[in-house]
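Student: I've just opened a new model and want to learn how to read it. Can you walk me through it?

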Amino acid sequence: MIIKTTSVSECKEHTITDENVYHQRRELIKKMGFLGAASLLSSPASAGILDIFGEEKTPEALFAQNNLSYAAEKGGFAEELTPEAKITSHNNFYEFGVEKQQPAALSQSFKVDPWQLKISGEVENPLTLGYDDLYSSFDLEERIYRLRCVEAWSMVVPWIGFSLAELVKKAKPTSRAKYLAFETLYDPVQMPGQRSRRLGGGIDYPYVEGLRIDEAMNPLALMSVGLYGKTLPPQNGAPIRLVVPWKYGFKSIKSVVGIKFVEKKPPTTWNLLAANEYGFYANVNPAVDHPRWSQASERRITTGGIFAQNRIPTLPFNGYGEQVADLYSGMNLRKYY
Ligand SMILES: Nc1nc2c(c(=O)[nH]1)N[C@H]1C(S)=C(S)[C@@H](COP(=O)(O)O)O[C@H]1N2
Ligand SMILES: [Mo]
């Protein structure tokens, strides 16, 4: 078990952190006031998550030990964070309804402990992670990422999670492993969208997604277990979801129960539903419009009201081109949309 603990003193941190980011972090830590309150009030959902000192911890208490300076390490991230209340009330999670407010309303009794995430297929080391393992098997970090939905809205989210690359390394892919096939929980009793075509938007469940193995190994690809310093709320994909910040949001599959290493490109939910509108790659690309709307700009969801304009230009690869463009060199991104 590797947990990155913070040994950096507040003072030293200030000196290495750009002013903007520092204040942003202070804000975040203030919002994380739960650290006192929540960990005292709520009994741990599950006993048995141990930190490096062998002490029993809630996931939130574990998060609090972690180094939250990712944004600073990356040279600062000056964009305004989307407020937590918006990130957790404006969701796409069709298993809990197609309207933006439905997932928050219809998912609150979703049971995430026990959980099993099964890693299988073309690997030397197949493994199954239980609920506790999600928080204690890998080095947790905070990552502040833009999230750009294919519907042309976007947010800035402070995720907590671990690098997907670490999981791939642990699984030890064989030479035949070319893609990762992800699968969301199938549980129509708990997920009303899986029982009703109207609520579920006509998707054939379970929701599935995929990445090429080199995409999965890119350090930006994150398996997220929290946001704003707390465990993920059900509507954001509890207990564990993928976050691929350079791709449209639908690639960031929620409530994952399976990751299978495979030889052939796996089917993906939105591509199955409308192949001419949603490709396998789905890299954010302002130059390639959706057949029914422009992708040149987006509405950034900030502190403004629902009618706030906040229209900003969309960046190639959602602004992460420097880190990921090499993955697609020589590819025609109009054809492989
Ligand atoms: N299983 C599952 N994963 C999903 C979806 C979904 O409907 N089901 N919606 C996707 C879409 S379209 C987006 S934009 C993001 C939204 O994530 P958020 O609600 O945390 O902002 O989740 C993605 N992951
Ligand atoms: Mo989306």
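**Confidence, then the sheet**

Tutor: Start with residues 69–75, where pLDDT (the predictor's confidence in each residue, from 0 to 100) stays under 50. The model has 14 contacts (heavy atoms within 4.5 Å) beyond four places in sequence for that stretch. This is a predicted model, so local features need pLDDT of at least 70 and side-chain atom pairs 80 or more, while totals for chains, interfaces and linings use all residues. Residues are numbered from 1 along each chain as its sequence is written, and side-chain values use heavy atoms, leaving out hydrogens and water.

Student: What is the mean pLDDT of the protein chain?

Tutor: The mean is 85, and 82% of the residues reach 70 or more. Residues 1–46 stay under 50.

Student: What is the strand order in the open sheet?

Tutor: Strands are DSSP runs of E, at least two residues, numbered from the N terminus, and two of them pair if DSSP finds at least two bridges between them. Here the order is β2-β1-β10-β5-β6, with mixed pairing. The edge strands, each pairing on one side only, are β2 (127–130) and β6 (208–212).

Student: How many bridges join β5 to β6?

Tutor: There are 5, in the antiparallel sense, and E183 stands opposite V208 in β6. β5 (179–184) also pairs antiparallel with β10 (256–262), over 6 bridges, with Y179 opposite V262.

Student: Which way do the residues of β6 point?

Tutor: In a regular strand, side chains alternate between the two faces of the sheet. In β6, V208, G210 and R212 point one way, E209 and L211 the other, and all are buried (under 20% relative accessible area, 1.4 Å probe, protein chains only).

Key: Chains are lettered from A and ligands numbered from 1 in the order in which they are written. Helices (H or I, at least four residues) and strands (E, at least two) are DSSP runs, numbered from the N terminus. Buried means under 20% relative accessible area, exposed over 50%, partly exposed in between (1.4 Å probe, protein chains only).
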